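User: Please take a close look at one part of this model for me. I am a first-year student, so keep the sentences short.

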Amino acid sequence: MLVGTAKAALWLAFSATVSALGQERIISFNSSSGALQIAGGAISKGQILVSGNEYWGVIRAASDLALDFGRVTSTNYTLSNGNKSAAPTAYVYKPVNNLNNTYFSTVGTANFTGPAYSDPSPSDIVIIAGTIGHSTIIDDLIASKAIDVSAVKGKWESFTSQIVENPVPGCSSALVIAGADPRGTIYGIYDISEQIGVSPWYFWADSPVRQNKDIFALPVKKVQGSPTVKYRGFFLNDEQPALTNWVATHWENTLYGAGYGPAFYSLIFELLLRLRANYLWPTLWGSMFEVDDPANQPLADAFEIVLGTSHTEPLMRAQNEFGKFYKDKGPWAYNLNNGTIDDYFRYGIQRAKPYARNSLWTVGMRGTGDTQIEGLGVDHIVTMLETLVKNQRQMMADGLGVEITTVPQTWCLYKEVMTYVFAGLTIPDDVTLLWADDNWGNVRRLPLLNETARAGGAGIYYHFDYVGDPRDYKWINTIQLSKTAEQMHMAASRGADRIWIVNVGDMKALEIPISHFFDLGYDTKKWGVDSAGDWAKAWATREFGPEHAGETAEIMMKYGMYSSRRKFELVEPQTYSVLNYNEADAVLQQWASLRAAAQAIYDKLDAAAQPAFFQTVLHPALAGEIVHKVNVGGAKNSLFAGQKRNSANEMINYVLSISEEDYKLTMRWDDLLDGKWKHFMDQTHLGYDGYWQQPMRNTLPAMTYVQTALVSLAGHVGVGVEGLNATVQGDDKYHSNSGNNLALPPMDPYGPVTRWFDIFSRGTKDCTWTASPEQPWVKLSQSTGVVGPKGSDTRVYVSVDWASAPKAPYSGTININFTTPCQGLDRYGYAAPKVQLPVSIRAVASNFTQGFVESDGHVAISGSHFKAIIPPASASSDNTNVTYHKFVNYGRSGSGVGLWPLNTEKLTVATAPALEYDLYLFTNSTAANVTVYMSPALNYLGDWNPLEYGIALYPKSEAAPTNPTLVRPVGVTVGANMPAGWGYAAADSIWGKTGNYTTSRFAVPQEGAYTLRIWALMPGIVVQKVVVDLGGVRPSFFGPPESFLVGRDIVGKYDQTSFLSEADTITAGDGTRPSKCKRAWLAARASAASRN
């Protein structure tokens, strides 16, 4: 019934936020003028009406909606086709004979029975759904002008919905959905499901359903146009052990393997459609989709899923079919066995012909088992592939009986196949060029200007999961949403919008990035390049409600950053430094804060919401912290054992306890919901040993046990300092024999506010110690204490009271002397230890009012903290609107800055704008090495038009050079090999950490102000950090923390002890409140530094 006046009730907070994610809201839980009540009130059991001539997949989706109303209101709705005693609609097909897979034949007929119909009850009808031209009811409404579908008719996957009065006899009003095609109608149906409170992940992630009795359709006409990307899907791959183990324990085996049959795939198909996706590459490694169960392929068609096959499975034949059924018929080599292979392809065409309406054909060919073709030179391979595809297309035209240009086809230019294009491979104009990323989320190639008009268009094969170099990553989610947005927006901006397919491995645990990927593909304009944070909040609101959505989104964004900067499988004891820049401890602090935040929200949620939150948010935070604790613990054991600390053994016990936590977390997952998801965490994730393939069992890093029954030759007490493995007193390979002095990294007013040294036990008894600086303005957080075999080590923070220290200029080394009454016979061999603190007090010139200041022999700058954007020297039509854009929540620790817009063609130094940074350098050095930490992009316009930037460092008093250093960080791709240095860049999520690919050398003739300029000559060069090394940079993952910025920072206040203290600003003076994690770190450091 229509509601004429609003009820005197508060608007439910949740009602405004359960609309389909990013879609126009058409459902409310409160009445309003003109709204139609479709649940509650006088409606005891609503009815959904479809036409008897409707597509089977639409009818099935309508039945889902009827059940969704039951999930929300506790009363299932009925489904009718308007006829009394109507039998369920059947989808009839002829099953393929899967006992003979070399000679095509079928065995009788079979059918999928649609949902049961109820007798028509016109007064109960609340929703009518149908497809234009395939629904008598919808066509009648169009003919009577009750609905106008001109805005969507003939448009791919479009739909319109609106309230219609008297749509059929006996029904006063109903919400009518009219789809331009069957998937358009299905999306319109699921749009309502989502808006009434049923998440697409209600099964796969146990998303809670919000209960409501009263539901209203709003009096708006919704017109949903075509998606941005035509084909949007995922690839179930690398499915062993987790997915296959789960499937095998839930369904009986098929004829050829685990139970990958209709029961499993119906859940996958439904999920795809609810997520507004349409395309699938089915499981590959241990299964054969079309053969395992003859119902699989027709079921995809019945559901209206577009079926494809992966880059290594041409013409609808599963990879394993040739090896299993043709093993006696010659090799998988077209140049040697084309007759057999052509027959193999013809069979695939015959088998798929009945389902061609929902088929997207993969053409081309790779070598055996997802490898490159071997035994031929590139020229011969190119010629052979051109012949092969010509033959494949003729076979499809003949077998399907249609003009080949009307058949959707794609050639996946994966790995070495991309280089064949560079070598001259000609691809038919109507075949979609499916460019691939590097398997690590970095697009390798995008359409050139002369490729954008191709009839077949272009697409992207992307990865959220991978097996291969430099290492597998397939345990849990390690995807940064903002990185996905940047890469896919760049793809869309250059016309790669025909196909987006993403490798999702087991699929489970990747719910968040999958949803994000499909929402980007569905409406790229809605979800802009910087929308990841907003999207995360909308997703959290839909899944868990609005109360904690902001906090949950913050956790999601941080988790994506923390987990993606180095995949869990690549985290090793040496990844983060335990000596330099407080790096490893800062990383652990991030994970601890993230875990605590996730746990706090979990504890506040209703019991019904906790399983979903655990699976998608809490478990990843817990698991990520465990991996980092294990590896940082291993690194500390190595350091401590080298220093002969007793605590090396404590660290072994600590790591063993964390390993137990890892096991218990897996068991907690397996026990969840009575074991519903048991086996999805079977994937090993600890103990990769340099080999790319998964370890067969979780193992801990190598650790060393210290014999503690006897005292060290150098006595009971040892001292170690920040930045060094060495220890005093005593001998080791890190300092001179019998030396008793260790030097801390230097301090100056523009550097970190503290340094540290450790005092630890290397003996068998408790010992007091005293530390005494030789100058009163050098402060210690603790000057005396006790260490012993059962006590903890003591970390002492060193600071300088700059107000009491000598005035600039000053340079000296301050000794910190140690005494202990525990000296025994060691006193005859070793002198008492000293820690030496180099102190340099200096000041920038009075006219230097803004810029970064050298300290500790370096300057480190966050890329987005530039002073100015310098306009191009030369204006042209290519650079009219070109500027720089800050990518937020992006990269390894904060943000990045790159050229904008993303479809900008390559510029020159003369036509490109430049980023400008001001620096003040004290070191009078002959040269400085300037390293640009840039996102791990590749030569997406081809190796002949590579990524490039210009860079110059010069005295501020001089004019900018007209011929800056030009850097091309990415080399050429040869065959299946990646460019030099790529493995490190992919693993580290940055160019610049390893190798000299982005390092340039500049003269620094004198102290003073300098200008650094960087000209990005094309998008893709996203600068995350710049480090000017004047000889002081020490090994670390992130590089030094950002340097002191005059005009923003205060001497003695800017912490600078780790990357956690870096400011989240884009320009000087534009500050934001530090995160909880950062505030906790700064508070702890300030507290320690204030104790003396």
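Analyst: Start with the domain record. An unreviewed UniProt entry lists residues 851-1042 as "domain: Gylcosyl hydrolase 115 C-terminal". The model you see is predicted. In it, the span 851-1042 is 4% helix and 37% strand. The C-alpha atoms at the two ends of this span lie 12 Å apart.

One residue with a number in that range leads to the cavities. The whole structure holds 13 cavities of 30 Å³ or more. The largest has about 270 Å³ of space. Its lining is made of 24 residues. Nearest the centre are W440, Q480, K483, S564 and S989. Three elements each give at least two residues to this lining. They are strand β19 (458-463), helix α12 (481-493) and helix α19 (982-988). What is the chemical make-up of the lining, counted as nonpolar, polar and charged? Eight residues are nonpolar, eleven are polar and five are charged.

Next comes an open sheet. Five strands build it, in the order β22-β21-β24-β28-β26, with antiparallel pairing. Strands β22 (727-728) and β26 (778-780) stand at the edges. Each has a single partner strand, so one side of each has no neighbour in the sheet. Look further in, at β21 and β24. Strand β21 covers residues 717-721, and strand β24 covers residues 755-761. The two pair in the antiparallel sense over five bridges. One of the partners is easy to find: V717 is bridged to S761 in β24. What holds such strands together? Strands of a sheet pair through backbone hydrogen bonds, either parallel or antiparallel.

Now step off the end of a strand in this sheet. D801 sits in the loop between β28 (794-800) and β29. Is D801 buried or exposed, or in between? Its relative accessibility is 29%, so D801 counts as partly exposed. The C-alpha atoms of D801 and V778 are separated by 6.4 Å. Along the chain, these two residues are 23 residues apart.

The disulfide comes next. How many does the whole structure have? A search finds one. It joins C767 to C822, with an S to S distance of 2.1 Å. This pair links distant parts of the chain, 55 residues apart. C767 belongs to strand β25 (residues 767-773). C822 lies in the loop between β29 (810-819) and β30 (834-841). The torsion about the S-S bond of C767 and C822 is about -105 degrees, so the disulfide is left-handed. Both C767 and C822 are buried. Remember what the link is: a disulfide is a covalent bond between the sulfur atoms of two cysteines.

Two further cysteines are worth a glance. C171 is buried, because its relative accessible area is 2% and the cut-off for buried is under 20%. C412 counts as buried too, at 3% relative accessibility.

Finish with strand β8 (residues 125-131). Seven of its seven residues are buried, so β8 is largely enclosed by the rest of the structure. Which strands pair with β8? Strand β4 (residues 47-49) pairs with β8 in the parallel sense, over three bridges. There, L49 stands opposite I128 in β8. Strand β10 (residues 173-179) also pairs with β8 in the parallel sense, over five bridges. In this pairing T131 stands opposite G179 in β10.

Terms used. Residues numbered from 1 in each chain as written. Predicted model: local features only at pLDDT ≥ 70, side-chain atom pairs only at ≥ 80, totals over all residues. Heavy atoms only, no water. Pairing = 2+ DSSP bridges. UniProt positions renumbered as here; feature names shortened; annotations may be inferred. 1 Å grid on protein atoms, 1.4 Å probe; cavity = no way out; pocket = protein on both sides within 12 Å on 5 of 7 lines; lining within 4 Å. Points joined across faces, edges and corners; volume = space filled by probe spheres on them. Nonpolar A, V, L, I, M, F, W, Y, C, P; charged D, E, K, R; others polar. Disulfide = S-S within 2.5 Å. Buried < 20%, exposed > 50% of the residue type's maximum accessible area, 1.4 Å probe, protein only.
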